[in-house]
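Let's take a friendly walk through a protein model, starting with the whole and then visiting a few places inside.

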Amino acid sequence: MKVQIYTDGSARGNPDGPGGYGTILQYTDPKGVLHEREMSCGYKKTTNNRMELLAAIVGLEALNRPCEVELYSDSKYLIDAFNQHWIDGWVRKGWKRGKNEDVKNVDLWKRLLEAKKPHQVTFIWVKGHNNHPQNERCDALATSAADGTNLLEDTVESV
């Protein structure tokens with residue numbers, strides 16, 4: 001089955017601010033019926049990159065069988081990590097980059113690699129705020145989740 005996953009993360013510009021993710025999962029069943037599922041959640045004390053990664057993870061973890069996935073994100077950080085093989089280098093170097101600098105968000109990168117395993121995933125960059133309807137909807141979901149009152153605590157100390 002072919003699935004499109006659209007993602008976006010939102011944060012308010014500082015690690016002590018609120019953030020959220022928005023994810024849309026879209027696929028056509030064997031009868032030709034289009035299905036769509038929206039997911040979002042807000043977090044306390046988090047960053048935009050963490051929410052971008054979580055948005056992708058949640059979409060992949062929602063799939064209950066191996067799929068051919070096109071994952072659309074406006075995060076160049078996320079897309080380049082796979083398309084430019086940064087993540088392969090990080091893994092080979094023991095989650096270090098550059099001059100032995102630690103890779104941030106290793107907990108989520110590891111979770112994303114695990115969520116991706118059963119699927120054939122193509123990572124596609126969508127320029128943010130370009131009137132792409134699914135990207136704009138994900139942004140709205142992420143922003144709404146970040147602005148909500150029922151936020152989860154991001155438990156990672158180094159965000």
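## The surface and the whole

How many Å² does the accessible surface of the protein come to, and what share belongs to carbon and sulfur atoms? The accessible surface is about 8,600 Å², and 47% of this surface belongs to carbon and sulfur atoms. Please keep in mind that you are looking at a predicted model.

The C-alpha atoms fit in a box of roughly 50 × 40 × 30 Å, taken along the principal axes. Charges can be located too: the protein has 21 positive and 22 negative charges, and the mean positions of these two groups are 5 Å apart.

## How the chain is built

Five helices and eight strands make up the list of elements in this protein. Reading from the N terminus, you meet them in the order β-β-β-α-β-α-α-β-β-α-β-α-β. The radius of gyration is 15 Å, close to the 15 Å that the globule rule gives for 159 residues, so the protein is as compact as a globular protein of that length.

What percentage of the 159 residues is buried? Buried residues account for 46% of them. Contacts also tell us about the fold: of those with a separation of 6 or more, 67% are between residues 24 or more positions apart.

## Tyrosine 72 in strand S4

Now let's zoom in on strand S4, which covers residues 68–73 and includes tyrosine 72. Is tyrosine 72 buried or exposed? Its relative accessibility is 16%, and the cut-off for buried is under 20%, so tyrosine 72 counts as buried.

Which residues does tyrosine 72 contact, once neighbours within four places in sequence are set aside? They are Gln4, Ile5, Tyr6, Thr7, Ile124 and Val126. Inside its own strand's numbering, tyrosine 72 has a partner as well: its side chain is joined to that of glutamate 70 by a polar contact of 2.9 Å. Glutamate 136 is 64 residues away from tyrosine 72 along the chain, yet their C-alpha atoms are separated by 12 Å.

## Helix H2 and the residue after it

Helix H2 spans residues 76–83, and its buried residues are Leu78, Ile79, Asp80, Ala81 and Phe82. What do these buried residues pack against? Their partners are helix H1 (48–61), strand S4, helix H3 (86–92), helix H4 (106–116) and strand S7 (120–125). Strand S4 is the strand that holds tyrosine 72.

After H2 comes histidine 85, which sits in the loop between H2 and H3. Its phi is near 60°, a positive value in a residue other than glycine.

## Two asparagines

Asparagine 105 also has a positive phi, about 65°, although it is not a glycine. You will find asparagine 105 in the loop between strand S6 (101–102) and H4. With a relative accessibility of 6%, asparagine 105 counts as buried.

Asparagine 135, in contrast to a loop residue, has its place in helix H5 (residues 133–146). How much relative accessible area does asparagine 135 have? The value is 3%, so asparagine 135 is buried. Leaving out residues up to four places away in sequence, asparagine 135 touches Thr7, Asp8, Asp74, Val126, Lys127, Gly128 and His129. Two of these names, Thr7 and Val126, are also among the contacts of tyrosine 72.

Notes: Residues are numbered from 1 along each chain as its sequence is written. This is a predicted model: local features need pLDDT of at least 70, side-chain atom pairs count only at pLDDT 80 or more; totals for chains, interfaces and linings use all residues. Side-chain values use heavy atoms; hydrogens and water are left out. Helices (H or I, at least four residues) and strands (E, at least two) are DSSP runs, numbered from the N terminus. Buried means under 20% relative accessible area, exposed over 50%, partly exposed in between (1.4 Å probe, protein chains only). Contact means heavy atoms within 4.5 Å. A polar contact is a pair of N or O atoms within 3.5 Å; within protein, one must be able to donate a hydrogen and the other to accept it, and residues adjacent in sequence count only if both atoms are side-chain atoms. The radius of gyration is taken over C-alpha atoms; the globule rule is 2.2 Å times the number of residues to the power 0.38. Accessible areas come from the Shrake-Rupley method with a 1.4 Å probe; for residues, only the protein chains shown count as cover. Lys and Arg count as positive and Asp and Glu as negative; His and the chain ends are not counted. The place of a charge is taken as NZ of Lys, CZ of Arg, CG of Asp or CD of Glu.
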